[in-house]
Amino acid sequence: MSSHIRPALVLFAALTLVCGVVYPLAVSGIGAVAFPSQAAGSIVDAGGKAVGSSLIGQAFSSPQYFWSRPSATGPMPNNGAGSSGSNLGPNNQALADAVKARIEALKAAGPANSAPVPVDLVTASGSGLDPEISVAAARYQAGRIAAARHMPAEQVLALVDGQQLKQYFGFFGEPRVNVLALNLALDQARPAPKQ
C-alpha cells in the first residue's frame, strides 16, 4: 500500500506544479508579450481616464449617444462576470415581448425614423457582452443623435463610416463599429449638450 502512496504524491505534486504554476505563467507571459493590450483588458482611455474596454459592451441610454446591443447578462447589463445569452428561443413569448418593447423604445427615441429597425438593436448576442453593432444599426441611430446634438446628420454618418471596422481577414463576419469608440469620436466631434 505504501508503495503506491509515494508515486501518487509525486505525480500529484508534479501535475500541480506544471498545470497550476508553470503553464499559467507561460501562457500569461506569452500573452503579455505577443498581445499586450488584449492581455491587459483592452482598456480604452479618454482624457487620461479609463472609460471602458474595447472588448466588452457598455449600456448607453442617452439619446445623444449610439446605443449598444441589448445585454442578457445578469444581474445587470454587460456584466463581464456573468457572460451569457438569454437562452430564449424564437417562439418564446418573453423574447417576443422584449423585442417589441425594444422596438417601441427605439421608435419613441427617434419618431421621425421610419426605417426598419436592425435586428442587432433588439436582440442580445450569445455572450451578452458584444461591444460592436452593425453599420446598419449605427446608421439607423444617426438621425436621433444628430437632432440631440444639434449637428448635421451627414457629420454623424461620416463618423460612422470613419469608425467602421472591416470583416475579419477580409471575408469573415460583416462590417461593424465599436460603440464605445464611436461614442468617443462623437464626443470629440461635438461634445454632448448638458441635460
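This is a short tour of a predicted model, moving from a pair of packed helices to the core, and then to a few single residues.

**Stop 1: α4 and α5**

Start by selecting residues 135-149, helix α4, together with residues 153-163, helix α5. Their axes are 9 Å apart, and the helices pack at an angle of about 150°. Angles over 145 degrees count as roughly antiparallel, and α4 and α5 therefore fall in that class. Turn the view to look across the pair, and you have α4 passing α5 in a right-handed crossing.

Now show the side chains where the two helices meet. On α4, pick V135, A138, R139, A142, I145 and A146; on α5, pick A153, V156, L157, V160 and D161. Coloured by type, this contact holds nine nonpolar residues and two charged ones, with no polar residue.

**Stop 2: from α5 to α6**

Keep α5 on screen and add α6, residues 179-189. Here the packing angle is about 135°, and the axes lie 10 Å apart. That angle makes α5 oblique to α6. The crossing of this pair is right-handed.

For the side chains, select Q155, L159, V160 and Q163 in α5, which meet A181, L182, A185, L186 and A189 in α6. Seven of the residues in this contact are nonpolar and two are polar, while none is charged.

**Stop 3: the core**

What surrounds V160? Set aside the neighbours within four places in sequence, and V160 is in contact with F66, V135, A138, R139, V177 and L182.

Several of these names come back when you step out to the largest nonpolar core, which has 24 residues. The residues with the most contacts inside this core are F66, A138, V156, V160 and L182. Which elements give two or more residues to the core? They are α3 (93-109), α4, α5 and α6. The most comes from α4, with seven residues. In soluble globular proteins, nonpolar side chains tend to be buried together.

**Stop 4: W67**

Next, centre on W67, in the loop between β2 (49-53) and α3. Is W67 buried or exposed? Its relative accessibility is 14%, so W67 counts as buried. Not counting residues up to four places away in sequence, W67 touches F60, S61, S62, A105, L106, A109, L121, I133, Q141, R144 and V179. If you would like a distance to check in the viewer, try the C-alpha atoms of W67 and S114: these residues are 47 apart along the chain, and the atoms are separated by 18 Å.

**Stop 5: S134**

Move to strand β3, residues 132-134, and select S134. With a relative accessible area of 10%, S134 is buried. Beyond the neighbours within four places in sequence, its contacts are D120, E174, P175, R176 and V177. Show V177 and you can link back to Stop 3, where V177 is also in contact with V160.

**Stop 6: two positive phi angles**

Finish with two loop residues. Select S42, in the loop between α2 (36-39) and β1 (43-46). Its phi is near 50°, a positive value in a residue other than glycine. S42 counts as buried, at 6% relative accessibility.

Then go to F169, in the loop between β4 (164-165) and β5 (176-178). F169 is not a glycine, yet its phi is positive, at about 55°. Is F169 buried or exposed? The relative accessible area is 72%, so F169 is exposed.

Notes: Residues numbered from 1 in each chain as written. Predicted model: local features only at pLDDT ≥ 70, side-chain atom pairs only at ≥ 80, totals over all residues. Heavy atoms only, no water. Axes fitted to C-alpha atoms, helices over the stretch in contact; angles between N-to-C directions. Helix = DSSP H or I, 4+ residues; strand = E, 2+ residues; numbered from the N terminus. Parallel < 35°, antiparallel > 145°, perpendicular 65-115°, else oblique. Left-handed = near helix turned anticlockwise from the far one by under 90°. Contact = heavy atoms within 4.5 Å. Nonpolar A, V, L, I, M, F, W, Y, C, P; charged D, E, K, R; others polar. Core = buried A, V, L, I, M, F, W, Y, C linked by side-chain atoms within 4.5 Å. Buried < 20%, exposed > 50% of the residue type's maximum accessible area, 1.4 Å probe, protein only.
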